[in-house]
Amino acid sequence: MSNALTAENANNDNSHSKNNAPYQPQLIEAAQQSKWDSDKRFEVSNEPSDKPSRYMLSMFPYPSGKLHMGHVRNYTISDVLSRYYRLKGYEVMQPMGWDGFGLPAENAAIAHQTPPAEWTFSNIDNMRAQLKLLGLSIDWSREFATCSPEYYQWEQWLFLQLYKKGLVYKKLSTVNWDPIDNTVLANEQVIDGKGWRSGAPVEKRDIPMYYFNITDYADELLDDLDQLEGHWPSEVLTMQRNWIGRSAGMEVHFPYELAGENNTLDVFTTRPDTLMGVTYVAVAAEHPLAQYAADQDEVIADFCALCKKGSVAEADLAKAEKIGMDTGLTVTHPLTGEQVPVWVANYVLMSYGSGAVMAVPAHDERDYEFANKYSLPIKQVIDIPAGYFDEAKADASANNTECNLAYTERNTLVNSGEFDGLDFEQAFEAMLAKLEPKTLAKKKIQYRLRDWGVSRQRYWGCPIPMINCEHCGTVPVEEKDLPVVLPTDVVPDGRGNPLKNMPEFINTTCPKCGNAAERETDTFDTFVESSWYYARFASPNDAKDMVNKSAANKWLPVDQYIGGVEHAVMHLLYARFFHKLMRDENLVSGNEPFANLMTQGMVLAGTFYRVNADGSTTYYFTEDVDIEFNDRGQPLKAILKSDGQPVTIGKIEKMSKSKNNGVDPQITIDKYGADTVRLYTLFTAPADQTLEWSDDALKGPYNFVKKVWRIATDHMQALDAANISADTLNTEALNTDDLSKPAKNLRRKTHETIAKIDSDLGDRLALNTPVSSLMELANELGSFKVTDEKELQVQHEALTDLLTMLSVYAPHVGEHLLEQLGLDTTTLDYPDVDESALVQDTITMVVQVNGKMRGKMDVAPDSDPEQLKAQARTLEGVAKFLTGDIKKEIVVPNKLVNIVVVG
C-alpha cells in the first residue's frame, strides 16, 4: 500500500466509488433472496458431518392466508439464532411446514363454498411467498403440510401400533351437540349455551370416541419436567405441572342396594379428613343411579334431560347455575352407616372420574352454595378459627350479597367421633386403616390430566384408520392399506360430517371377516398433527418410516423451540407425550422433544374506534386515522380521515382482525425493507416480552441501516482513492504496532462488541441488546477519521466485523455489503475476539475542582494515586481554579480526580 491518505480523501472523495448508489432495500433483498434460492444455501443433509448440529424451530403456522406481525417476530427470532449458529460453525437445520388441518379451513370453506383443501393450499402458497420476503434461512426442501397423505399416513400408522398396545381405546364421551346442524361443537363454538351457527340450544350427548391413554404416561410427563428446569420458562413448567395435577387422595366406596343387587358408589377425594361431614352425594345425569331414578319418576327424567343441555366445558360449568334434584335414593356412609341422599346435579359430568362426588357443604364452597339453595344439612367437621369469617361477613353485608361460609383450609377434626383432634395426615391414615380392610376405601393417586379424546366429528382432518363391522365390531385398518385418504373435493355445509354421506368413502369390507363394513368417519384432533411434526422434519421424505432413526439421532431433540405462551399447556404436553410414544416405538431417542424453549411476547398496537348509536363499536385501521402526538410520542387525539371527525383512542391491545389494529407485514416491508422490519421486531423489546408496535419507530432501525450503508460506501470510496484492493485487506493480517489512539479505541470497541453479542446470543438468549451494540459500533465507525493506511485497515476490520454480525439480523444488506467488499458470504465465520485489542494502554480520566469538571488527562490504567494528583494539578484548565488551600484530593481509580479547594 503506497498511497498516503488524508482525512479528506479517505472520507469525502466520491470520484472512484465502487458503490455510490443509494440504499434500495427492495432491489438488494430480491437479489439476495434469489441468490440464496439458487444456491440452496440453507439446505442441510442428514449425512454425518464434522460440524456440530443445531436444530432451530419456530412453531409452524396455520395457513390462514396472511402473515401477521406475530409470525414475523416469531420467525425472525428463530432466524437470527439460526444465522448466528451457522457463523459459529454449526450445521443448522431450520425447517418450515404448515399445520394444514383445522376448523378455520372448514368454516372458510362453508363461507366461500370452496373445498378446504383448495383454500388451504392456496393460502400456503401466499404465506410461503410472504415468508421468503423476510429473508428467512429456511431449508425449504423439508417443507410439508400436515394435510397431505404422505404426512398423516404415519400418524395413522402410529395409532394402529398404540391400538395393539392398548394405549388407544374407545368409550362414550359427553360432547356439545347442535341439534339443528347435527354436529358436535367445540367448546369455543358454544356461545351463551347456543350453537354459534344455528343459534340452537346446545345439548350434551354421549357418543363413542377414541382416546389416547396419556394418563399411563402422567408420572413420566410430570417427573421429566425436572430435566427442563433452567431450559424452559418457569411459568410454562408450572402450567404443565398444574395441568397434569398429580394429587394423592382416597377412593371411598358408599355401599347401596338397588333392585336386589349390592353395589358401591365410588368417589375420589383429596380431603378424606372431611368424610364425617358428608351430607349428600351428587351424581351425573348419565350415572346408573340417576338413570334408575329417571326410569321411576318422570320429573327426574325431565330434569336429567335438562342437565344434558348446555356446554360440557369446565369453564362453562363453573360459571353455570348449580341445579339438582333429589333422586329419592340413598347410599350408606362407610364410617357411620347412616343413609346419605343421592342427588343428581348439573355440575357433575359422567366423563369426569366416576361421575359422582361426595358433598361436604361446611368445607367446600360449591357444596355450601348447593346445600344452602336446597336446604340440605351442613355439618362442620374441621375446626374453624374464631373470627375467620368476620371480614367475609362484613363484606357480604356491605354489598348485600350472600356470604359463603365454607371453611376450606386444613385443621384438626371436630364432630368426627373417634377421629376428633386428629390433623389431616393422622385422620387420613386412621380412616384408611378402618375402611381398607372392609374394602370401603383405598389410597389412590389421581390426575387432573385426563386421557386425550382424539375423535372429532368433522370433515377436514386426518381419517381415523378404523372400520366398524356389524359382525366383528371395531377393526383396525390393515397397515398395507394405509393411508386412509381423506377426499379433498368436498365442500362442507356445516350440517354434520359430509363423510357420512359419501358411500365411496364410507363403504368398505371388514379386514377380519370380509363382509361389508363402514369406515370410521371421525377424524383426528388437529393437535395430533402438531404433536410430532418436529420429528418428521428430520426425515420429511422418508417413505419407509414415520421418522428415520439415524436422522432423528442427528437432529433431535430440537435445540431451540420458539412460540407463543398460549401453547404452553396443550401443544407442548401432547408433543412431549408423542415423543415418548415414538421413543417406545424405537423411532427416536431421549425423553424430551425440545431441549430449550423460548416463549416470545405478543405484538400489540393501538386501537381507534367509535361507539355507534345502536351500542355497537366500529374499529378503524391506523392508516385511516390522523393522529396528533405529544413530545413523548403519545397520541393526544385522532381524526378519521374520511370525515374529519374525532375517533376515540382505545387501549393498546394484541393485534387482531376484530380490532382492525393489525399491521400488514407486506406493506411495511414494501416501505422499509425486510431488514428494517426484522431489526425493529427484535430491537424494540426483549423477545419474551410484549412489543408495542409503532410505525413511527421503524424510522430508527431504517436510519441505522442507511447509516451502515453510507459508512460502507465511504469506506469503499476511500479504498478506491488509495488504490487499495479490499481483497488485500481481507487476506492480510492487521499489523497492530504503533496504532493511533483513535484506532486503538475503534479496535477495542469492535472486539468488545464481538464478545458482547457472542455472549448475548450464545449464553443469555438476549436478542434485543445486540442491535444496540451494533448501533454503538456503527456510531464509532461513523465518527472515526482515517489519516493513514493503517487506520484504513482498522476501519476495514471494524466494518467487516460489523457487517458480519449485522448479517444475523439484517442478512440482505449485511451480506450484500460484505460481497461488495470482496468477501465470500458462504464461508463466513463469526469474528474472533482479539484479546489484545481489549487491553487499554491509556485511559482518559476526568479532573474536577470542587465537583466541577475542569479538565481531562490520558494516563496509564491503575496509575499511582499520588502521581495522578500531581498530574491533575498541572493541567492548565485546572491550575487556574486552585486559588485557595487544597483541603483534600479524591481519586476514583481509572475514573476521576476531584480536588477540593477552600478559601
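A residue counts as exposed when its relative accessible area is over 50%, and this cut-off is needed for the first of the close-up views below, all of which are taken from a predicted model.

**View 1. Isoleucine 180 in the loop between β3 and β4.** The loop that holds isoleucine 180 lies between strand β3 (168-178) and strand β4 (183-185). Because its relative accessible area is 52%, isoleucine 180 is classed as exposed. Glycine 496 is 316 residues away from isoleucine 180 in sequence, yet the two C-alpha atoms are 9.5 Å apart in space.

**View 2. The parallel pair of strands β22 and β23 and the crossover that links them.** Strand β22 (residues 560-564) and strand β23 run parallel and are joined by four bridges, and within this pairing tyrosine 561 stands opposite leucine 597 of β23. Between the two strands the chain passes through helix α18 (residues 570-584), giving a β-α-β crossover that is right-handed. Strand β23 (residues 597-600) is covered on both faces, with Leu597 and Thr599 buried on one side and Met598 and Gln600 buried on the other.

**View 3. The second largest pocket and its lining.** The volume of the second largest pocket is about 500 Å³, and its lining is made up of 20 residues, among which Leu729, Asn730, Glu797, Thr800 and Asp801 lie nearest the centre of the pocket. Two or more residues of this lining are given by each of the helices α22 (726-731) and α25 (789-809), and α25 provides the largest share, with six residues. By residue class, the lining of the second largest pocket comprises seven nonpolar, eight polar and five charged residues.

**View 4. Cysteine 304, cysteine 307 and cysteine 403 in a structure without disulfides.** Zero disulfides are found when the whole structure is searched. For cysteine 304, the closest cysteine sulfur is that of cysteine 307, and no bond is assigned because the separation of 6.1 Å is too far; the cut-off for a disulfide is a pair of cysteine sulfur atoms within 2.5 Å. Cysteine 304 has a relative accessibility of 3% and therefore counts as buried. Cysteine 403 is likewise buried, its relative accessible area being 17%, where the limit for this class is under 20%.

Key
Residues are numbered from 1 along each chain as its sequence is written. This is a predicted model: local features need pLDDT of at least 70, side-chain atom pairs count only at pLDDT 80 or more; totals for chains, interfaces and linings use all residues. Side-chain values use heavy atoms; hydrogens and water are left out. Buried means under 20% relative accessible area, exposed over 50%, partly exposed in between (1.4 Å probe, protein chains only). Two strands pair if DSSP finds at least two bridges between them. A crossover is right-handed if, with the strands pointing away from the viewer, the path from the first strand over the helix to the second runs clockwise. On a 1 Å grid over the protein atoms alone, a cavity is a set of points where a 1.4 Å probe fits but cannot get out, and a pocket is an open set with protein on both sides within 12 Å along at least five of seven lines; lining residues have an atom within 4 Å of a point. Grid points are joined across faces, edges and corners, and a volume is the space filled by probe spheres set on the points. Ala, Val, Leu, Ile, Met, Phe, Trp, Tyr, Cys and Pro count as nonpolar, Asp, Glu, Lys and Arg as charged, and the others, Gly among them, as polar.
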